[in-house]
Amino acid sequence: MNLVLSLTERCNLRCTYCYYKVSHEARSLVMSNDIMEAAIRLAFERTLSLNQRFLNITFFGGEPLLCMESIRRGVELAKGLVHERFGEDVLLGPPTSNTTSPKFRLRFAVNTNATLLNEDIIEYLKREKFRIYLSLDGPESHHNICRRQVGGEGSFKLIEPHIPVLTKLDTVVLSVITRENMRSLSDAACWIQAQGFRNMTAAVDFDGKWTGEEFDVLAAEYEKLAEFWLEIKRKNVPFYLGTIQDKLKFRLTGQRHRTSSCQVAEGIVACAANGNLFPCTRFISSKPDAPYILGNVFDDPAQIWNGAVARDILDFFSRDKEDCKGCAIRFRCHAHECACTSFYSTGSIHGVSPEVCTHERMLAAICDDAICDEVAAS
């Protein structure tokens, strides 16, 4: 089970593509201790009811490092709950092949822009075996195009001092592709790998304004990205480039995004700062009339997990979209498989954005061509 806690809507950056610009418009709400405790207890009990023995808690925002005391409190609460139920047989961090199965495993993660890191915070994250999801688009000239401070200045200089230590931790680099920064995408990915990071993925800002000419530019960058990925794989360099690798993984293994990665039906719940619960991160909002509210952390759990929104999510999860039936790439396509992408690009989990569809067909074809060329050359 994955619990996402939106600790605060406050943020010290104003990234141009931030998808919370509307839902977090006031940027002032902070999660109370009571709500955080109720959310962790709810997720823990939900995990047990699903006969799962793994709970991942991701501290989210806004910028969650503005609420370090809440992060520390949440970690201790979760560890206390597990200890109370299972005793000492508790492990932190991801499963490993050389350990016996514990009665329960906890893992913590944080999504951060890294501008507020300091030695104390880094040591804490290391000690508690946090996974760090780092918002970093690339080198300064690329990163500062979209990731800016409140006053408009770029944010790279605030992150740069921490890059060497972040490369040595369990860090996943999350980059965003926009119409403004796409022309240096492949160079940015090469730079990120050269710093020593081993895990990166880049997601497109689907704003409904992409043109055919812009997709042509992006396609050329993807082709360079695919060639870069093949090159580092030939050299056995450990680097996971999700943008390319995930498309190939789903094709070669026969897996699909919904069942192996998405988990929106029963594997994840996201808690807004006001305690309202949502199916995943992109849905989070403190607005009282926000769509797809599962319930609130203080509601009866039976109503949360069996209400109308939960049933709608299960319906999404269990059948193909009408617009996508017969499409050869539908099981690895974000327009079909990802509830978050469908929601923020169309307003409904059942919608299909022509923009997303066009992008996914393009990216899948480029990835398939790259692996076919590799097979032919070998």
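1. Let's start with charges: the structure holds 27 salt bridges. Here a salt bridge is a side-chain nitrogen of Lys or Arg within 4 Å of a carboxyl oxygen of Asp or Glu. Keep in mind that this is a predicted model, in which local features need pLDDT of at least 70 and side-chain atom pairs count only at pLDDT 80 or more, while totals for chains, interfaces and linings use all residues. Residues are numbered from 1 along each chain as its sequence is written, and side-chain values use heavy atoms, with hydrogens and water left out.

2. Have a look at helix α1, which covers residues 33–49. (Helices are DSSP runs of H or I with at least four residues, strands are runs of E with at least two, and both are numbered from the N terminus.) With 17 residues, α1 reaches 24 Å from its first C-alpha to its last, close to the 24 Å expected at 1.5 Å a residue. That expected span is 1.5 Å times one less than the number of residues. Just after α1 comes N51, with a positive phi near 60°.

3. Which residues of α1 are buried? They are I35, M36, A38, A39, I40, L42, A43, F44, R46, T47 and L48. Buried means under 20% relative accessible area, exposed means over 50%, and partly exposed lies in between, using a 1.4 Å probe and protein chains only.

4. α1 also carries a salt bridge, between E37 and R41, whose closest N and O atoms are 3.1 Å apart. The two sit 4 residues apart in the helix, so about one helical turn separates them. E37 is partly exposed at 31% relative accessible area, and R41 is partly exposed too, at 38%.

5. Now try a salt bridge between buried partners. D137 pairs with R147, and their closest N and O atoms are 3.1 Å apart. This pair links distant parts of the chain, 10 residues apart: D137 is in the loop between β5 (131–135) and α4 (140–143), and R147 is in the loop between α4 and α5 (156–159). D137 counts as buried because its relative accessibility is 2%, and R147 is buried with 6%.

6. How many residues apart are E360 and K247? The answer is 113, with E360 in helix α15 (residues 354–377) and K247 in helix α9 (residues 242–253). Their side chains meet in a salt bridge at 2.8 Å, N to O. E360 is buried at 2% relative accessibility, and K247 is buried at 6%.

7. R332 is worth finding next, in the loop between α12 (308–318) and α13 (334–337). R332 is buried, with a relative accessible area of 8%. Its side chain reaches the backbone oxygen of K247 at 3.0 Å. Leaving aside neighbours within four places in sequence, R332 is in contact with K247, F250, R251, E337, E360, A364 and D368. Contact here means heavy atoms within 4.5 Å. Both partners of the salt bridge in point 6, E360 and K247, appear in that list.

8. Some charged residues do double duty on your screen. R256, R258, D320, R330 and E337 are linked in a network of salt bridges. The charged end of R258 also sits over the ring of F316, 4.1 Å from its centre, and that of R330 sits over the ring of F331, 4.4 Å from its centre. A charge sits over a ring if NZ of Lys or CZ of Arg is within 6 Å of the ring centre and within 35 degrees of the ring normal.

9. On to the rings: a search of the whole structure finds 11 aromatic pairs. Rings of Phe, Tyr and Trp (its six-membered ring) pair if their centres lie within 6.5 Å; planes under 30 degrees apart count as stacked, over 60 as edge-to-face and the rest as tilted. F283 and Y292 form an edge-to-face pair, 5.4 Å centre to centre with 70° between the planes. The rings of Y292 and F343 have centres 5.5 Å apart and planes at 85°, so that pair is edge-to-face as well. Y292 lies in the loop between β10 (276–278) and β11 (295–296), while F343 is in helix α14 (residues 339–346), 51 residues away. F283 is buried at 2% relative accessible area, and both Y292 and F343 are buried. Elsewhere, F59, F108, Y124 and F130 form one aromatic cluster.

10. Finally, S353 is in the loop between α14 and α15. S353 is buried, at 8% relative accessible area. From F343, S353 is 10 residues away in sequence and 9.5 Å away in space, C-alpha to C-alpha. Not counting residues up to four places away in sequence, S353 touches S345 and T346.

Methods
Polar contact = N/O pair within 3.5 Å; in protein donor to acceptor, adjacent residues only side chain to side chain.
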